Amino acid sequence: MTAKFAKPNTDATPIDVVSFDTLDEYLSKLPPENRTWLSTNKFSAKLGQTVLLPNNDGNLARVVTGWGDAKARARGRMFMASVALTLPKGDYTIASGLGVDELIEAAQAWLLAGYVFDRYKQQPGAKAQLVAPDGVDADRLETIAAGDFLTRDLINTPTSDMGPDALEKAFCDLGKRFNAKCSVIRGDALLKQNFPMIHAVGRASDQEPRLLDMVWGNPNDPKVTLVGKGVCFDTGGLNIKPGNSMALMKKDMGGSATVLGLAQMIMALKIPVRLRVLVPAVENSISAGAFRPSDVLTSRKGLTVEVNNTDAEGRLVLADALALADEETPDLLICNATLTGAARVALGPDVPPFFTDDDVLATEIMQASAQTFDPLWRLPFWNPYEASIEPDIADLDNAPKGGFGGAITAALFLRRFVENTNSFVHLDLYGWTPSPKPGRSLGGACQSARAMLQVIEQRFAK
Ligand code: BES
Ligand code: MN
Ligand code: ZN
């Protein structure tokens, strides 16, 4: 598996990218034998239609790939990823047909297409490699792809190899590579240091619950804090999930996988921020010691929470981590979590909703999302729904009755734990690609990291 471009070389096969608009002109300039070959193959420049042009010896000379029109491309960006997967082994260059923005998109897409998960079985890797087009920042695109791959690897690894112990190791390994300071609060130390909800959710597992904390960068730079849900497996707890709902719950640490991928991008690109990464790492398991429906927990912040469903565990562990993050009032606080099924019902698996009260930040996120082809959509912190998270006997209810607006009420719950920070955004991710898309393999998905990297760079670049 590689997130790398090919070294520049003169043997690389040129690719011409041809849209409906440019087809006639393109054909008119081709040698007649190539024109005939394209016509034999019924090449119409339809998006993704790819024809190999041979030379006189029958070897591959050029590739012509269709680029359709804007309407077709709007239905699925990063299209060059699909082309990359169909080409024979070898090196390629994009020779014509794309402007600089499209070249960046195509080059990023090509790298993202190269992901394979081969931890348990050899898989055929991507065969075709691209020489980085002129005018694109090759290192940056490679760094982004490597972060994306880290996220996918962490999510795809099943809980048998990615429980709290292994997630801690992955977290600390990343920190060490970039000389970040890592600390871990584990097991009963969570109670002593006042993270009661992380402990309550994770205490039924054989692998102790823990809070992972990484700090990197110059203490005087703007503070960016990433918090990621690290539920290594979500059985639902005593409110056990039915089998088909539990099937994918190895991915319930998708938020933590995403913040690690993003953190790797930030540190590798040396973005001038003081980065902090917080991950509550737990398994929502079932045992005699498990927390129960109707238990009332007192959170780090002091707010009491009635547990009306042990399957709404993500907001509990995140609440204590967010409270800690908020204690130092970061300039930007980003929470990533596979938090609710309701977010999928609202927007489907590929468009994660985000919640923020900072309208400027929301605009920045929407712009970055469009520019990086990393879909995100704003949903409201709908204040009138606050009443629904307030039960009779405690400050907060983790699972409001009825369940309508579940992504919003979960987001409102988290917001109660962030008081000081002005720029807070929570992203409710799916973390999974149920049917493969260009640049997104079936399985673990890195959602929002590319867009949020761009937001962070633009906010804080010197
Ligand atoms: N991890 C799940 C949410 C989830 C489920 C995300 C499926 C993506 C796909 C979370 O812990 C959960 O179980 N949430 C419940 C909350 C409910 C009990 C209030 C949900 O969304 O059903
Ligand atoms: Mn759950
Ligand atoms: Zn969960």
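Why is the arrangement of the six donor atoms around the manganese ion (ligand 2) irregular? In this predicted model, the answer sits in the angles: the six donor atoms subtend 74 to 171°, which makes the arrangement irregular. For six donors to count as octahedral, opposite ones must be over 155 degrees apart and all others between 65 and 115, and anything else is irregular.

**The two metal sites**

Now look at the other metal. The zinc ion (ligand 3) also has six donor atoms, with angles of 78 to 176°, and its site comes out as octahedral. Here are the two sites next to each other.

| Metal | Protein donors | Distance to the ion | Spacing in sequence |
|---|---|---|---|
| manganese ion (ligand 2) | Asp234 (OD), Asp311 (O), Asp311 (OD), Glu313 (OE) | 2.0 to 2.2 Å | D-x76-D-x1-E |
| zinc ion (ligand 3) | Lys229 (NZ), Asp234 (OD), Asp252 (OD), Glu313 (OE) | 2.0 to 2.4 Å | K-x4-D-x17-D-x60-E |

The two ions are 3.1 Å apart, with Asp234 coordinating both of them. Glu313 turns up as a donor through OE at the manganese ion (ligand 2), and it is listed with OE for the zinc ion (ligand 3) as well. Asp311 gives the manganese ion (ligand 2) both an O and an OD donor.

How exposed are these residues? Lys229 and Asp234 are both buried. Glu313 has a relative accessible area of 0%, so it counts as buried too. Asp311 is partly exposed, because its relative accessible area is 22% and the buried label needs a value under 20%.

**How the two domains meet**

Step back from the metals and there's a domain boundary to look at. The domain assignment splits the protein into domain 1 (13-136) and domain 2 (143-460). Each side brings 15 residues to the contact: 15 from domain 1 and 15 from domain 2. The C-alpha centres of the two domains lie 37 Å apart.

What do domain 1 and domain 2 bury between them? The figure is about 1400 Å², with 66% of it on carbon and sulfur atoms. On the domain 1 side, keep an eye on Leu112, Tyr115 and Phe117: this trio supplies 45% of the area that domain 1 buries against domain 2, more than any other three residues.

There's a polar side to this interface as well. Four residue pairs are in polar contact across it, both partners being at pLDDT 80 or more. As for salt bridges, the count between domain 1 and domain 2 is one. If you're browsing side chains, Asp161 and Arg119 meet in a salt bridge, at 3.8 Å from N to O.

Note on methods
Residues are numbered from 1 along each chain as its sequence is written. Chains are lettered from A and ligands numbered from 1 in the order in which they are written. This is a predicted model: local features need pLDDT of at least 70, side-chain atom pairs count only at pLDDT 80 or more; totals for chains, interfaces and linings use all residues. Side-chain values use heavy atoms; hydrogens and water are left out. Donors are N, O and S atoms within 2.8 Å of the metal (3.2 Å for Na, K and Ca); water is not among the atoms, so sites may look incomplete. Four donors count as tetrahedral if all angles lie between 85 and 135 degrees; four count as square planar and six as octahedral if opposite donors are over 155 degrees apart and all others between 65 and 115; anything else is irregular. Buried means under 20% relative accessible area, exposed over 50%, partly exposed in between (1.4 Å probe, protein chains only). Domain bounds come from an automatic or database domain assignment. Contact means heavy atoms within 4.5 Å. Buried area is the accessible area (1.4 Å probe) that two parts lose on being put together, summed over both. A salt bridge is a side-chain nitrogen of Lys or Arg within 4 Å of a carboxyl oxygen of Asp or Glu. A polar contact is a pair of N or O atoms within 3.5 Å; within protein, one must be able to donate a hydrogen and the other to accept it, and residues adjacent in sequence count only if both atoms are side-chain atoms.
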